[in-house]
Amino acid sequence: MNFKEFQKDMRIAYLGGGTGILVSGVVWLISGLAGIYLTKETSVLTFFIGGMLIYPLGVFSAKLLNRSGKHQENNPLAKLAIESTAILFIGLFIAYSIFQIQKLWFFPVMLMIIGVRYLVFQSIYGMKVYWILGLFLIASGMLCLISEQSFHFSGITGGIIELIFGVVVIVMERKANET
């Protein structure tokens with residue numbers, strides 16, 4: 001297989017990653033709402049626990065939408081997807097460390113970190129929409145940080161952005177496979 005075929009394998013197996021984006025968007029929203037109705041600490045814990053569920057729920061959702069949720073064993077892009085999770089772990093450590101000093105900065109920092117990870121997804125799925133998603137999240141994180149938005153606002157913003165892009169990616173992938 002060549003590089004483009006590996007990307008196509010990932011797109012077909014995981015519906016372009018759209019289901020994972022949708023699940024992630026729901027996690028952001030729930031965490032943001034927890035920041036309104038519960039404590040900031042509960043919101044961060046919800047974000048962390050929900051984040052661990054994104055991949056399995058994304059795969060499950062892809063299967064519900066008639067995709068395998070499993071790439072070919074020899075696909076090296078799966079390793080890139082796993083390796084890029086290091087960005088999340090390091091980013092979560094940084095964001096949580098910052099949270100200890102300035103609670104309002106947790107979600108904006110996570111928006112930027114997750115935005116950076118989505119830039120890598122363009123290589124995994126071969127879909128330039130991931131560059132746009134990544135840049136939207138990075139810019140949103142910067143704007144929320146600079147404008148000192150309320151704690152929950154940044155979490156809800158991440159959720160809305162990801163829900164919109166999740167739908168866009170799924171529609172794009174479905175259309176691509178109709179032709």
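Tutor: Let's start with the terms we will lean on: a residue is buried under 20% relative accessible area, exposed over 50%, and partly exposed in between. Keep in mind that we are looking at a predicted model.

Student: Thanks! Why is Ser68 called partly exposed?

Tutor: Its relative accessible area is 40%. Partly exposed covers the range between 20% and 50%, so Ser68, at 40%, earns that label. You will find Ser68 in the loop between α3 and α4.

Student: What does Ser68 touch, leaving out residues up to four places away in sequence?

Tutor: Ser68 touches Ala13 and Lys63. Contact means heavy atoms within 4.5 Å, so each of these two has a heavy atom within that distance of Ser68. The pair with Ala13 spans 55 residues in sequence, while the two C-alpha atoms sit 5.1 Å apart in space.

Student: Asn75 is in the loop between α3 and α4 too. What makes Asn75 buried?

Tutor: Asn75 has a relative accessible area of 3%. Buried requires a value under 20%, so Asn75 counts as buried. Beyond its neighbours within four places in sequence, Asn75 is in contact with Phe6, Asp9 and Met10.

Student: Now two residues with positive phi. Where does Leu15 lie, and what is its phi?

Tutor: Leu15 lies in the loop between α1 and α2. Its phi is near 55°, a positive value in a residue other than glycine.

Student: And how do you know that Leu15 is buried?

Tutor: The relative accessibility of Leu15 is 0%. The cut-off for buried is under 20%, so Leu15 counts as buried.

Student: What makes Glu148 exposed?

Tutor: Glu148 has a relative accessible area of 62%. Exposed means over 50%, so the label fits Glu148. Glu148 is in the loop between α7 and α8, and its phi is positive at about 50° although it is not a glycine.

Student: Let's move into helix α8. Gly159 and Ala176 are both there. Which label does each get, buried or partly exposed?

Tutor: Gly159 is at 0% relative accessibility and counts as buried. Ala176 has 45%, and the partly exposed range ends at 50%, so Ala176 is partly exposed.

Student: Which residues does Gly159 touch, not counting those up to four places away in sequence?

Tutor: Gly25, Trp28 and Leu29. Gly159 and Ile21 are 138 residues apart in sequence, with 9.4 Å between their C-alpha atoms. For Ala176 and Leu88, the figures are 88 residues in sequence and 30 Å in space, C-alpha to C-alpha.

Student: What makes a set of residues a nonpolar core?

Tutor: The members are buried Ala, Val, Leu, Ile, Met, Phe, Trp, Tyr and Cys residues, joined through side-chain atoms within 4.5 Å. In the largest such core there are 37 residues, and those with the most contacts inside it include Phe47, Phe106 and Met110. Each of the helices α1 to α8 supplies at least two residues of this core, and α6 gives the largest share, with 12 residues. In general, nonpolar side chains tend to be buried together in soluble globular proteins.

Student: What does Phe106 touch, apart from residues up to four places away in sequence?

Tutor: Among its contacts are Val44, Phe47, Leu92 and Phe151.

Student: Now the whole chain. How many helices and strands does the protein chain have?

Tutor: Eight helices and zero strands, giving the pattern α-α-α-α-α-α-α-α along the sequence. Buried residues make up 46% of the 179 residues.

Student: How do you know that the radius of gyration agrees with a compact globule?

Tutor: The rule is 2.2 Å times the number of residues to the power 0.38. For 179 residues that puts a compact globule near 16 Å, and the protein chain has 16 Å, so the two agree. The C-alpha atoms fill a box of roughly 50 × 25 × 25 Å along the principal axes.

Student: Last one: what share of contacts between residues at least 6 apart in sequence join residues at least 24 apart?

Tutor: That share is 80% in the protein chain.

Notes
Residues are numbered from 1 along each chain as its sequence is written. This is a predicted model: local features need pLDDT of at least 70, side-chain atom pairs count only at pLDDT 80 or more; totals for chains, interfaces and linings use all residues. Side-chain values use heavy atoms; hydrogens and water are left out. Helices (H or I, at least four residues) and strands (E, at least two) are DSSP runs, numbered from the N terminus. Buried means under 20% relative accessible area, exposed over 50%, partly exposed in between (1.4 Å probe, protein chains only).
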